Amino acid sequence: MALPSNPASPLPRPQRWVVMGVCGCGKSTVGAALAQALGVRYLEGDAFHPPANVAKMSAGLPLEDRDRAGWLQALAGEIRAARAQDTGLVLSCSALKRAYRDLLRQADPDLRFAHLQGPRDLIAARLAQRRGHYMPPALLDSQLRDLQPLQDDEAGLVLDIGQAPQALVAAILSAGR
């Protein structure tokens, strides 16, 4: 059965977002809440790291570009599949460098980024309280060094993690309209 055509109220286009930032900024919390609000699938980027990457980070060693290559390709594959199926998706992924975001955007030129940022001290305090995660707080500084903030020509927005997660989700939803 075909839906009636009404140009005044088109069906919303599926949104695909990457919630990005350094470790401990709240990507997983905000990403899961955003996916729920949009009614789309949520992917935790950390779950796609191969065992060698997890072991390296667990040992307090920062990942290098070559370590992240396969991981980013796997994430791009998930984004590409969502685009091909015309479904929404929210992915939490550090996406620290412009080159990483460019690779993800190759899978979907309409992909948007929500960059969660805040003061180092706040993020470090959050990491100190986090339990059961392989990423040690000692890697925060290496991530901050690698971080290349969103540039003006990248679709997305920058959000202050001092706000409550629901306020961050509301801001993302507003930007997605």
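Biologist: Which residue of β3 stands opposite Arg 41?
Modeller: Happy to start there, with the reminder that this is a predicted model. Strand β2 covers residues 41–44 and runs parallel to β3, with four bridges joining them. Across from Arg 41, the residue in β3 is Leu 89.

Biologist: And which residue of β3 does Val 19 stand opposite?
Modeller: Here we turn to strand β1, residues 16–20, which pairs with β3 in the parallel sense over four bridges. Opposite Val 19 in β3 you will find Ser 92.

Biologist: Are the residues of β3 that point one way and the other buried or exposed?
Modeller: Strand β3 spans residues 89–92. Leu 89 and Leu 91 point one way, while Val 90 and Ser 92 point the other way. For both sets the state is the same: all are buried.

Biologist: Let's look at the segment before β1. With which side chain does that of Gln 15 make a polar contact?
Modeller: Gln 15 sits in the segment before β1, and at 16% relative accessibility it counts as buried. Its contacts beyond four places in sequence are Leu 38, Gly 88, Leu 89, Arg 112 and Gly 176. The polar contact of its side chain, at 2.8 Å, is with the side chain of Trp 17.

Biologist: Which buried residues of helix α2 line one face?
Modeller: Helix α2 runs over residues 51–58, and what covers its buried residues includes α3 (65–84). Viewed down the axis of α2, the buried residues fall within an arc of 95°, so they line one face of the helix. Those residues are Asn 53, Lys 56 and Met 57.

Biologist: What phi does Gly 60 take?
Modeller: Gly 60 comes just after α2. Its phi is positive, at about 85°.

Biologist: Which element gives the most to the largest nonpolar core?
Modeller: As background, nonpolar side chains in soluble globular proteins tend to be buried together. In this model the largest nonpolar core has 43 residues, and those touching the most other members are Val 18, Ile 79, Cys 93, Leu 104, Phe 113, Leu 116 and Ile 172. With six residues, the element that gives the most to this core is α3.

Biologist: Which residues is Ile 172 in contact with, leaving aside neighbours within four places in sequence?
Modeller: Ile 172 is one of the residues that touch the most other members of the largest nonpolar core. Once its sequence neighbours within four places are set aside, its contacts are Trp 17, Val 30, Leu 34, Ala 114, Leu 157 and Leu 159.

Biologist: How far apart in space are Val 30 and Arg 66?
Modeller: Val 30 has its place in helix α1, residues 27–38, and at 2% relative accessibility it counts as buried. Not counting residues up to four places away in sequence, Val 30 touches Val 19, Leu 116, Pro 165, Leu 168, Val 169 and Ile 172. Arg 66 is 36 residues from Val 30 in sequence, and from C-alpha to C-alpha the distance is 28 Å.

Biologist: A bench question now: how many disulfides does the structure hold?
Modeller: Take Cys 23, which is buried with a relative accessible area of 4%. Its closest cysteine sulfur, in Cys 25, is 8.1 Å away, too far for a bond. Cys 25 counts as buried at 1% relative accessibility, and it is in no disulfide either. For the structure, the number of disulfides is zero.

Notes
Residues are numbered from 1 along each chain as its sequence is written. This is a predicted model: local features need pLDDT of at least 70, side-chain atom pairs count only at pLDDT 80 or more; totals for chains, interfaces and linings use all residues. Side-chain values use heavy atoms; hydrogens and water are left out. Buried means under 20% relative accessible area, exposed over 50%, partly exposed in between (1.4 Å probe, protein chains only). Helices (H or I, at least four residues) and strands (E, at least two) are DSSP runs, numbered from the N terminus. Two strands pair if DSSP finds at least two bridges between them. The arc is that of the directions from the helix axis to the C-beta atoms. Contact means heavy atoms within 4.5 Å. A nonpolar core is a set of buried Ala, Val, Leu, Ile, Met, Phe, Trp, Tyr and Cys residues joined through side-chain atoms within 4.5 Å. A disulfide is a pair of cysteine sulfur atoms within 2.5 Å. A polar contact is a pair of N or O atoms within 3.5 Å; within protein, one must be able to donate a hydrogen and the other to accept it, and residues adjacent in sequence count only if both atoms are side-chain atoms.
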